[in-house]
Amino acid sequence: MTARPSAWAAGLKLRCPQCGKGEVFQGYLKFRDTCRACGADFKAADAGDGPAVFVILIVGAIVAPLLIVLQHGLDLPGWLALTLTLLAAVVLSLALLPPFKSVLFAFQWKHKAREATSDDIE
Ligand SMILES: [Zn+2]
């Protein structure tokens, strides 16, 4: 039996949190039902809104100062500064969503986190 990879390593590589080999996504952000390498069941995978929240905070912290620098530091016209900033926001968001979703799912897997149900209450 192979050692389980760290949640960071598996998540950032978009790999299965159980074996670290199989891809965790089919398509852009849709989880596979099972790992192709080890058969781990991903059907309960749900990172919820967490990835989007982290990406919004990080991208916002990058593009807000970028807009100020482009418009006031480099003295670009407003329309150009705004266009470049919006483009950067879209590209960064699309690039960061898969790794954040994968990392949060890997930590969810590691800590066996799941949705609470009525069975959890005595
Ligand atoms: Zn696997």
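These are my notebook entries on a predicted model, covering helix H3, the nonpolar core and Ser6.

**Helix H3**

I looked up the ends of H3 and found that the helix runs over residues 78–110. I then checked its length: 33 residues at 1.5 Å a residue should span 48 Å, and the end C-alpha atoms are 47 Å apart, so the two values agree. I looked for a bend and found one of about 30° at Leu97, with a proline, Pro98, following within four residues. After the helix comes Lys112, and I noted its positive phi, near 50°.

I listed the buried residues of H3; among them are Ala81, Thr85, Lys101, Gln108 and Trp109. I asked which helices these buried residues pack against. The partners are H1 (7–12) and H2 (50–73).

**Nonpolar core**

I pulled out the largest nonpolar core and got 12 residues. H3 gives the most to this core, with 6 residues. The members include Phe100, Val103, Leu104, Phe105, Ala106 and Trp109, along with Ala10, Cys16, Val24, Cys35, Phe42 and Ala45.

I took Phe42 from that list and looked up its contacts, leaving out residues up to four places away in sequence. Phe42 touches Val24 and Cys35, and also Phe31, Arg32, Asp33 and Thr34.

**Ser6**

I placed Ser6 in the segment before H1. Is Ser6 buried or partly exposed? I counted 13 other C-beta atoms within 10 Å, so Ser6 is partly exposed; buried would need 20 or more. Lastly I took the C-alpha separation of Ser6 and Pro17, which are 11 residues apart along the chain, and got 7.6 Å.

How values were computed:
Residues numbered from 1 in each chain as written. Predicted model: local features only at pLDDT ≥ 70, side-chain atom pairs only at ≥ 80, totals over all residues. Core = buried A, V, L, I, M, F, W, Y, C linked by C-beta atoms within 7 Å. Helix = DSSP H or I, 4+ residues; strand = E, 2+ residues; numbered from the N terminus. Contact = placed C-beta atoms within 7 Å. Expected span 1.5 Å × (residues − 1). Bend = angle between axes of the 7 residues up to and from the residue.
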